[in-house]
Amino acid sequence: MSVQKLISFPFVNHPIVTAPPDTISDYLNILFSLAERFGDESVTEKWSKFHSRFSNGSNGKAVAPVLSDDDLVAKIRKFISRWPFFRRQGLRSKTLCYALVCDILFITAFNNVHQAQKIIDYLQNVVPKSYQNKIKQLTEILYNDAPFNPAFDSVKTLVEYWHLNLKFCAKPLKRILMTGTTSAGKSSLINALLGKDVCRFQNAVCTDEVKKIYNKPFQDGIECSVFSENFAQTPLCFIDTPGINAAQFPEHHKITCEEISKGEYDAIMCVVNGTQIDGSTDEYKHFEYIAKFQHAKIIFAVNKLDDFDDDINKAIERVRVSLVKTGIANPVVYPVSAKAGRIAKKMTLEDKYAAYEADFAKPRLRLSQYYDFALPESLLSHCGIAGLEKIIAEA
Ligand SMILES: Nc1nc2c(ncn2[C@@H]2O[C@H](COP(=O)(O)OP(=O)(O)O)[C@@H](O)[C@H]2O)c(=O)[nH]1
Ligand SMILES: [Mg+2]
């Protein structure tokens, strides 16, 4: 997997956001044409994100087709000549030039100095002399760790996010295989942990293949609470496997076991449906199979505790005892509610936040008490997600 896939865009405080719609449209047209000229096949995905984020600002106007070489040069020059006009709009004159440099390098040459040099050489030939040295300085900050220069204050966030991306990509990937019965909440838990809906979740057997879901160094403009910085800043890959007990799909069990036997993960998270705590023979047979793979950390998460009326402590103990019988030495069993986790991460149902916060602050549902380390008082902790973040980050 290429690390390029992991990076995300610095949409927050992007200077283009405040530009007039026609300017945004021109900017996107130039950026797109440059990306087509200098990018490889990985550009399309990044570009489409960029475009969908900003095209609303240009009144939904589609980006014009890729410009020919001559038209691109002419368009960039015309764009620059209009900069005194942008200044009247409250933008600093070179701001959009700096943003363009950051964006095009990010899309086509992040982690690739050689490619970056080609783009810089091209731009140096197009922009007026007064910009050339500044472009060079900016490139030095991005690629050679030159100290930040206040002249680039207007793109400070872009530069900061560039370095966050670099730091993130330099860390080794941590892989977590998710397994359990159908509808235990594997996909919901991945969504709650990542703070966004990347997996389909529903009351049907909808995961019929192994899916890999990656996190990003920061969310593309999405606000989401995260407890563990280490969790947020570690490249993660969740391996979502099919449920092991779908009677009508026996091949699902096989697919999952094959994936487990590959051993290509750092931790296995077994998700147990808290509303069916005693499980089926199938479920514990599966855990018996997993017991053979103790080279990886095995984490048990009892989910759906928002929907559980009995004594949670006793339920956890029951699961633990059953697990010991399957041959798992010292199983660690953690309670969680993926449903409350989604709300805690503020992904949805903002109006329900207060009700969930109050509910999970009650002694019975304060799931943080079952984690063997201190956690702050918040819904994110009380629903179990904060604790799981930390456990995954340290797996
Ligand atoms: N009450 C409750 N329902 C949940 C929770 N997590 C998942 N569900 C529901 O359980 C069903 C199956 O979830 P899903 O994530 O698709 O399970 P998977 O088959 O293990 O991936 C869906 O209807 C979810 O909305 C939870 O924490 N609480
Ligand atoms: Mg699923």
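Two strands count as paired if DSSP finds at least two bridges between them. With that in hand, here's a quick tour of this predicted model: an open sheet of six strands with mixed pairing, plus a ligand with 20 residues around it.

**The sheet**
- The strand order runs S2-S3-S1-S4-S5-S6.
- S2 (211–214) and S6 (332–335) sit at the edges with a single partner strand each, so one side of each has no neighbour in the sheet.
- On average, neighbouring strands are turned by 25 degrees against each other, direction ignored.

**S1 and S3**
- S1 (residues 174–180) and S3 (residues 236–240) run parallel and share five bridges.
- One residue pair to look up here: Met 178 has Asp 240 in S3 as its bridge partner.

**Around S5**
- S5 (residues 297–303) is mostly covered, with six of its seven residues buried.
- On one pairing, S4 (residues 267–273) joins S5 in the parallel sense over seven bridges, and Cys 270 stands opposite Phe 300 in S5.
- S5 also pairs with S6, again in the parallel sense, over four bridges; Ile 299 stands opposite Val 332 in S6.
- To get from S5 to S6, the chain passes through helix H13 (residues 312–325), making a right-handed β-α-β crossover.

**Around ligand 1**
- The closest of the 20 surrounding residues are Gly 185, Lys 186, Ser 187, Ser 188 and Lys 339.
- Helices H9 (186–194) and H14 (338–344) are the elements that give two or more residues to this shell, and H9 gives the most, with three.
- Sorted by class, the shell around ligand 1 holds 12 polar, five charged and three nonpolar residues.

Key. Residues numbered from 1 in each chain as written. Chains lettered and ligands numbered in written order. Predicted model: local features only at pLDDT ≥ 70, side-chain atom pairs only at ≥ 80, totals over all residues. Axes fitted to C-alpha atoms, helices over the stretch in contact; angles between N-to-C directions. Near = placed C-beta within 6 Å. Nonpolar A, V, L, I, M, F, W, Y, C, P; charged D, E, K, R; others polar. Buried ≥ 20, exposed ≤ 12 C-beta atoms within 10 Å, placed from the backbone. Right-handed = clockwise from strand over helix to strand, strands pointing away.
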